[in-house]
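I am opening a notebook page for this structure and want to record how its helices pack, what its backbone does in places, and whatever enclosed space turns up.

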Amino acid sequence: MELDAYRQMAATEDEHWWFCGRRAIAEAVIRGLGLPGDADILEIGAGTGGNIQMLQQFGAVTAVEMNDLARQIAREKTGHDFLAGHLPDGMPVASQGFDLICLFDVLEHVAEDEASLATIRRMLKPGGKVVLTVPAHQWLWSKHDVGLHHMRRYSRELLKARIEQAGYRIEKLSYTNAALFPVAALARLADRLRRSNTASGQAMPPKPINSAMKALFSAESRIVPNAELPFGVSLLAVFGKDAAFDAEGGRLAA
């Protein structure tokens with residue numbers, strides 16, 4: 001991402017409706033995974049540290065972030081150490097070390113997404129889980145994606161294929177941000193039609209609007225852990241190693 005995007009993230013991620021809603025959903029999903037009480041957790045692409053406090057409820061967190069400025073901001077903001085690293089071949093952590101690996105809107109930034117998923121697989125403990133989110137629907141592509149240096153947006157079918165080809169068994173694959181899907185679609189259409197070089201929807205909305213949107217998005221934390229939404233702006237997946245893939249001599253097996 002652009003350096004200004006990291007600064008904006010740091011300034012808004014504690015209160016902005018989108019970050020708050022995504023955290024609420026992720027927290028509810030993770031709470032239902034049955035992790036050990038002393039879980040070893042890895043967040044890849046930890047950005048400016050907005051998820052650390054939430055993840056620390058569930059165990060000891062190792063955070064990896066490729067951008068120097070983001071790591072500096074995150075350390076100052078959280079007091080937590082952030083390691084330098086990147087996918088697929090620059091991870092500074094050991095194999096089979098983690099009960100939970102999280103990637104919150106990271107995979108869309110990586111050119112080699114399947115190879116990155118294969119790398120992550122080797123870092124999972126037996127029985128470990130991956131929780132990731134990505135932006136959905138390539139037809140929603142707009143200046144927003146360009147500005148954030150996205151490589152792609154994912155269809156449900158594409159994300160499912162990438163995960164399974166890397167040797168995983170999917171436990172949950174759901175859209176999220178369903179209630180605000182019409183608003184997001186209109187905003188992306190507006191980005192395409194107007195001639196501005198900036199994307200709509202990135203700044204903090206006025207407080208009443210932000211509160212209403214946060215309530216709508218966060219409400220999905222009561223749905224997504226137990227069901228799968230049929231549409232939305234983003235996708236959330238939960239998956240672990242597919243034992244059959246190993247037994248069959250899968251080419252990416254750990």
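The entries below go through helix pairs, then a loop, then the cavity.

Entry 1, status of the model. I note at the outset that this is a predicted model, and I read every value below as computed from it.

Entry 2, α1 with α4. I looked up helix α1, residues 3–12, against helix α4, residues 68–78, and found that they pack at an angle of about 15° with their axes 10 Å apart. Angles under 35 degrees count as roughly parallel, and α1 and α4 are therefore roughly parallel to each other. The crossing of this pair, α1 and α4, is right-handed. On the α1 side the contact is made by L3, Y6, R7 and A10, and on the α4 side by L69, A70, I73 and K77. Sorting the residues of the contact of α1 with α4 by class, I get six nonpolar, no polar and two charged.

Entry 3, α2 with α9. I next took helix α2 (residues 17–31) and helix α9 (residues 207–218), whose axes come within 8 Å and cross at roughly 20°. That angle makes α2 roughly parallel to α9, and the crossing of the two is right-handed. From α2 I listed W17, W18, C20, G21, R22, A24 and I25, which meet N210, M213, K214, F217 and S218 in α9. By class, the contact of α2 with α9 holds seven nonpolar, three polar and two charged residues.

Entry 4, α5 with α7. For helix α5 (residues 113–122) and helix α7 (residues 156–165), I found axes that come within 8 Å and cross at roughly 45°. That makes α5 oblique to α7, because the value falls outside the ranges that count as roughly parallel, roughly antiparallel or roughly perpendicular. I also recorded that α5 passes α7 in a right-handed crossing. In this contact D113, E114 and L117 of α5 meet R162, I163 and Q165 of α7. Its residues divide into two nonpolar, one polar and three charged.

Entry 5, the loop between β3 and β4. Which peptide bond is cis here, with omega near 0°? I find that it is the bond from L87 to P88, and that P88 lies in the loop between β3 (82–84) and β4 (98–104). Q96 also lies in the loop between β3 and β4, and I wrote down its phi, which is near 50°, a positive value in a residue other than glycine.

Entry 6, enclosed space. How many cavities of 30 Å³ or more does the count give? The count comes to one, and I note a volume of about 30 Å³ for the largest cavity. The lining of the largest cavity consists of W18, R22, D105, T133, T176, F217 and S234, and these residues divide into two nonpolar, three polar and two charged. Reading back to Entry 3, I see that W18 and R22 of α2 and F217 of α9 are listed in the contact of those helices, and W18, R22 and F217 are also among the residues that line the largest cavity.

Technical notes. Residues are numbered from 1 along each chain as its sequence is written. This is a predicted model: local features need pLDDT of at least 70, side-chain atom pairs count only at pLDDT 80 or more; totals for chains, interfaces and linings use all residues. Side-chain values use heavy atoms; hydrogens and water are left out. Axes are lines fitted to C-alpha atoms, for helices over the stretch in contact, and angles run from 0 to 180 degrees between N-to-C directions. Angles under 35 degrees count as roughly parallel, over 145 as roughly antiparallel, 65 to 115 as roughly perpendicular and the rest as oblique. A crossing is left-handed if the near helix is turned anticlockwise from the far one by less than a right angle, and right-handed if clockwise. Contact means heavy atoms within 4.5 Å. Ala, Val, Leu, Ile, Met, Phe, Trp, Tyr, Cys and Pro count as nonpolar, Asp, Glu, Lys and Arg as charged, and the others, Gly among them, as polar. On a 1 Å grid over the protein atoms alone, a cavity is a set of points where a 1.4 Å probe fits but cannot get out, and a pocket is an open set with protein on both sides within 12 Å along at least five of seven lines; lining residues have an atom within 4 Å of a point. Grid points are joined across faces, edges and corners, and a volume is the space filled by probe spheres set on the points.
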